[in-house]
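Thanks for asking me to look this one over. Here are my notes, set out as numbered points that you can read beside the model.

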Amino acid sequence: MDMRNRVNDALKTAMKNKDAARLSTLRLISAAIKDRDIAMRGTGEEVEITDADVLAILGKMVKQRQESARAYEEGGRLELAEKERSEIVVIEEFLPKQLSEEETDAAVAEAITEVGADSIRDMGKVMGALKAKFTGQMDFGKVGPMVKEKLG
């Protein structure tokens with residue numbers, strides 16, 4: 001089942017169960033997917049957003065909520081930070097399992113050999129290969145410095 005259908009099914013289930021907190025987060029996910037659809041239509045071509053696009057949207061949503069939760073904690077707004085964390089839990093249900101540190105390290109090493117990278121100038125190629133294979137499975141904010149270190 002594709003990601004869009006999984007989200008819609010979860011949305012319907014949350015409505016039936018009258019789970020307001022979950023329903024709210026699922027509506028946010030659905031709205032973000034529809035926003036991407038509209039943005040793609042604006043280019044003039046018939047483009048269907050893929051599961052990889054949905055995974056990228058979900059990854060971005062998780063990252064935004066983590067930053068918001070951190071900001072709320074620093075501001076002493078613990079109830080809002082907790083709300084952000086509960087949204088993260090719902091969003092992560094749709095993301096694939098995150099790779100462990102060792103798995104990420106192995107994936108980076110494999111991507112470097114795969115693209116034949118030998119200097120820091122090839123970092124873009126390596127990151128492109130990783131994003132193509134592991135979208136939603138690793139935090140590319142942490143992977144970037146790892147790739148830089150291995151190539152440097």
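**Notes on the predicted model**

1. Let me start with the largest pocket, which has a volume of about 440 Å³. Please keep in mind throughout that this is a predicted model. The pocket's lining counts 18 residues, and those nearest its centre are Gly 59, Gln 98, Met 138, Asp 139 and Phe 140.

2. Which helix gives the most to the lining of the largest pocket? Helix 3 does, with seven residues. At least two residues of that lining come from each of helix 3 and helix 7, the latter running over 140-151. By class, the pocket lining holds seven nonpolar, five polar and six charged residues.

3. Now to the overall plan. The protein has seven helices and zero strands, so to speak an α-α-α-α-α-α-α pattern when read along the sequence. Along the principal axes, the C-alpha trace spans about 55 × 45 × 25 Å.

4. Two figures for the whole chain are handy to have. Of the 152 residues in the protein, 35% are buried. If you take the contacts between residues at least 6 apart in sequence, 57% of them join residues at least 24 apart.

5. At the N-terminal end of the chain, have a look at Lys 18. The loop that holds Lys 18 joins helix 1 (3-17) and helix 2 (20-41). Phi of Lys 18 is near 55°, a positive value in a residue other than glycine, and this backbone angle may be one you wish to inspect on screen. Is the residue buried or exposed? Lys 18 counts as exposed because its relative accessibility is 72%, over the 50% cut-off.

6. Leu 26, in helix 2, has a relative accessible area of 0% and is therefore buried. What does Leu 26 touch, once neighbours within four places in sequence are set aside? Its contacts are Val 7, Ala 10, Leu 11, Ala 14, Val 90 and Phe 94. Leu 26 and Met 15 are 11 residues apart in sequence, and their C-alpha atoms are 10 Å apart in space.

7. Arg 65 is a charged residue within helix 3, which covers residues 51-74. Arg 65 counts as buried because its relative accessibility is 10%, and buried means under 20%. Apart from neighbours within four places in sequence, Arg 65 is in contact with Leu 28, Glu 84, Glu 87, Ile 88 and Ile 91. Two glutamates, Glu 84 and Glu 87, are among these contacts.

8. On to the enclosed space. How many cavities of 30 Å³ or more does a search of the whole structure find? The search finds one, and the volume of the largest cavity is about 30 Å³. Helix 5 (101-115) and helix 6 (123-134) are the elements that give two or more residues to its lining.

9. The residues that line the largest cavity are Ala 107, Glu 110, Ala 111, Glu 114, Ala 129, Leu 130, Lys 133 and Phe 134. Sorted by class, five of the lining residues are nonpolar, none is polar and three are charged.

10. Ala 117 sits in the loop between helix 5 and helix 6. Ala 117 counts as buried because its relative accessibility is 13%. Not counting residues up to four places away in sequence, Ala 117 touches Ile 112, Asp 122, Val 126 and Leu 151. For a second bearing on this loop residue, take Gly 136: the two are 19 residues apart along the chain, with 23 Å between their C-alpha atoms.

11. Met 146 belongs to helix 7. With a relative accessible area of 15%, Met 146 is buried, because the cut-off is under 20%. Where are its contacts, leaving aside neighbours within four places in sequence? Met 146 is in contact with Glu 101, Thr 104, Asp 105 and Val 108. Val 126, which also touches Ala 117, is 20 residues from Met 146 in sequence and 11 Å from it in space, C-alpha to C-alpha.

12. Last, the aromatic rings. The count of aromatic pairs comes to zero. Phe 140 does have a charge over its ring, though: Lys 131 lies over the face of Phe 140, at 5.5 Å from the ring centre. Phe 140 is also one of the residues that lie nearest the centre of the largest pocket, so this note ends at the place where it began.

Notes. Residues numbered from 1 in each chain as written. Predicted model: local features only at pLDDT ≥ 70, side-chain atom pairs only at ≥ 80, totals over all residues. Heavy atoms only, no water. Helix = DSSP H or I, 4+ residues; strand = E, 2+ residues; numbered from the N terminus. Buried < 20%, exposed > 50% of the residue type's maximum accessible area, 1.4 Å probe, protein only. Contact = heavy atoms within 4.5 Å. Phe/Tyr/Trp six-rings, centres within 6.5 Å; stacked < 30°, edge-to-face > 60°. Lys NZ or Arg CZ within 6 Å of the ring centre and 35° of its normal. 1 Å grid on protein atoms, 1.4 Å probe; cavity = no way out; pocket = protein on both sides within 12 Å on 5 of 7 lines; lining within 4 Å. Points joined across faces, edges and corners; volume = space filled by probe spheres on them.
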